[in-house]
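Please walk me through this structure as a tutorial, taking one kind of feature at a time and giving the general idea before the particular case.

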Amino acid sequence: MPENDAALYERIGQGDKAALEGLYDQYHKLVFSFAYRMTGNKELAEEVVQEVFMKIWVKPGLYDPSKGKFASWLLTVTRNLSIDLMRKQKEVPYELQEEREKLADDEPTPDEILEWKEKKEILKQAIGHLKENQQEMIHLFYFNGYSQQKIADHFGIPLGTVKGRLRLALQHLRSALDANGERRDLDERA
């Protein structure tokens, strides 16, 4: 009944939700089956149905009864939205593929991993030669991510003491690495 469709569509333009429900009740199965044939995907077809009726609600006045039947116009809208959504779905895997390639490029090579393990072992040995309280400061600040204030609170000592111990620990660490020629080795590898 084209007159009824046109009348319902005109009422939607005036913000009549019942008119939208009437068109939805009458056409949602047709729109879904057409979208499903286009996309071959149930979830995507359901999304198309939502988009079609959302478009009718949000953008009233697109249908011109003088250009043809409402059902034909509705299927044209369904076809176009199905194509748009399928294109969008294809774009996502493409972006994911680019991200995967980018991550693969950023991954360290086996040589880099081996080099980092060697550096880690050199640092670990040098830290092992520090006094126990300096080792704790280095571990908490550089490896556990504690702030200097948090370390001070943790040990119940003034912030200045923490700063002094960290500075002293770093000086001893540099001296130990310089004495063994390992600091230069670490710097060259960095």
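The dialogue below takes up confidence, a helix and its ends, and then aromatic rings.

Q: What kind of model is this, and how are its residues numbered and its values restricted?
A: This is a predicted model, in which local features need pLDDT of at least 70 and side-chain atom pairs count only at pLDDT 80 or more, while totals for chains, interfaces and linings use all residues. Residues are numbered from 1 along each chain as its sequence is written, and side-chain values use heavy atoms, with hydrogens and water left out.

Q: What does pLDDT average over the protein chain, and which elements have the lowest and highest means?
A: pLDDT is the predictor's confidence in each residue, from 0 to 100. The protein chain averages 83, with 84% of the residues scoring at least 70; among its elements, helix H9 (residues 182–189) has the lowest mean, 53, and helix H3 (residues 42–58) the highest, 91.

Q: How far apart are the end C-alpha atoms of helix H2, and where is its kink centred?
A: Helices are DSSP runs of H or I, at least four residues long, numbered from the N terminus, and the expected span is 1.5 Å times one less than the number of residues. Helix H2 (residues 17–39) has 23 residues, yet its end C-alpha atoms are only 29 Å apart, short of the 33 Å that a straight helix would reach. The bend at a residue is the angle between axes fitted to the seven residues ending there and the seven starting there, and H2 has a kink of about 55° centred on Tyr27.

Q: What is found at the two ends of H2?
A: At the N-terminal end, Asp16 caps H2 with a side-chain oxygen 3.0 Å from the backbone nitrogen of Ala18, whereas just after H2 Gly40 takes a positive phi of about 70°.

Q: How many aromatic pairs are found, and why is the pair of Tyr24 and Phe53 edge-to-face?
A: Rings of Phe, Tyr and Trp (its six-membered ring) pair if their centres lie within 6.5 Å, with planes under 30 degrees apart counted as stacked, over 60 as edge-to-face and the rest as tilted. A search of the whole structure finds ten aromatic pairs. The rings of Tyr24 and Phe53 have centres 5.0 Å apart and planes at 70°, so this pair is edge-to-face; it links distant parts of the chain, with Tyr24 in helix H2 and Phe53 in helix H3, 29 residues apart. For Phe32 and Tyr36, the centres are 6.0 Å apart and the planes at 15°, so that pair is stacked.

Methods
A polar contact is a pair of N or O atoms within 3.5 Å; within protein, one must be able to donate a hydrogen and the other to accept it, and residues adjacent in sequence count only if both atoms are side-chain atoms.
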